[in-house]
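Here's a quick briefing to read alongside the model. Have the viewer open and follow along.

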Amino acid sequence: MAAIHPQPRPHSRIRWRTPITMVVLLVILVGGAWWGWKSLISTSAEPTCVEQKLPNNRLVPKQVVVNVYNGGAKAGTAAAVAEILKKRGFNVVKIANEPKGDKVDVVSVRGATDDAPELRLVAGQLSQKPVPVGDNRTDHTVDLILGKGYTNLEAKGLPSVTVPPNTPVCLPVIHTPQPIPSGQNPN
């Protein structure tokens with residue numbers, strides 16, 4: 001006869017690692033969803049332009065933001081033109097190939113409207129008549145696109161443009177780089 005031996009009981013040890021991991025991941029998921037929703041519904045966007053009345057009803061280059069694009073001109077033309085515009089007081093933000101991939105024959109200027117004062121001021125720097133294109137942009141910047149037939153800027157460009165009296169003009173917000181406090185690494 002076989003001796004009756006008591007059967008060993010299975011370990012009643014509970015595995016806590018898996019439920020704890022699941023709770024931590026659930027908390028991270030809920031926290032990320034909450035942060036994403038709050039970021040989506042609360043905007044911290046700054047205004048793209050500020051309505052102002054101009055002193056003496058004149059728009060001057062330092063009040064205009066320009067992007068200079070190469071739309072078919074020789075390599076380096078956009079950079080050279082941007083440098084001249086900077087010397088004339090314009091705020092040049094971007095220098096690049098035309099982002100839409102458009103090629104222009106001579107020169108084109110894009111802005112809020114076809115006859116916007118900032119567009120007329122940039123066009124007044126050119127020796128060739130540009131094609132004005134209004135694209136209803138809200139930031140009132142001007143894109144200068146240089147094409148294959150572009151030759152040069154006027155020796156002395158238009159110094160300012162007159163706007164009707166008491167007409168508010170939306171001037172782009174110009175961000176100036178802030179100095180880095182001493183002892184702080186900019187990277």
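What share of the 187 residues of the protein chain count as buried? The figure is 31%. Keep in mind that this is a predicted model, so treat what follows as a reading of computed coordinates. The main thread below is a network of salt bridges that links Glu 98, Arg 110, Asp 135, Arg 137 and Asp 143.

**Overall layout**

- You'll find three helices and nine strands in the protein chain.
- Reading from the N terminus, the order is α-β-β-β-α-β-β-α-β-β-β-β.
- Take the contacts with a separation of 6 or more: 79% of them join residues 24 or more positions apart.

**Surface**

- About 13,400 Å² of the protein chain is exposed.
- Carbon and sulfur atoms supply 60% of that area.

**Salt bridges: the overview**

- Searching the whole structure turns up four salt bridges.
- As background, side chains of opposite charge can pair when their charged atoms come close.
- Glu 98 belongs to the linked network too, along with Arg 110, Asp 135, Arg 137 and Asp 143.

**Asp 143 and its partners**

- Asp 143 pairs with Arg 110 through their side chains, at 3.4 Å from N to O.
- Since Asp 143 sits in strand β7 (residues 142-146) and Arg 110 in strand β5 (residues 107-111), this pair ties together parts that are 33 residues apart in sequence.
- Asp 143 is buried, its relative accessible area being 6%.
- Arg 110 is buried as well, with a value of 7%.
- Asp 143 also forms a salt bridge with Arg 137, and here the closest N and O atoms are 2.9 Å apart.

**Arg 137 and Asp 135**

- Arg 137 has a salt bridge to Asp 135 too, with 2.7 Å between N and O.
- Is Arg 137 buried or exposed? With a relative accessibility of 16%, Arg 137 counts as buried.
- Asp 135 counts as partly exposed, at 29% relative accessibility.

**Tracing the links**

- Start at Arg 110 and step to Asp 143, go on from Asp 143 to Arg 137, and finish with the step from Arg 137 to Asp 135.
- Along that route, Arg 110 is buried, Asp 143 is buried and Arg 137 is buried, whereas Asp 135 is partly exposed.

Note on methods
Residues are numbered from 1 along each chain as its sequence is written. This is a predicted model: local features need pLDDT of at least 70, side-chain atom pairs count only at pLDDT 80 or more; totals for chains, interfaces and linings use all residues. Side-chain values use heavy atoms; hydrogens and water are left out. Helices (H or I, at least four residues) and strands (E, at least two) are DSSP runs, numbered from the N terminus. Buried means under 20% relative accessible area, exposed over 50%, partly exposed in between (1.4 Å probe, protein chains only). Contact means heavy atoms within 4.5 Å. Accessible areas come from the Shrake-Rupley method with a 1.4 Å probe; for residues, only the protein chains shown count as cover.
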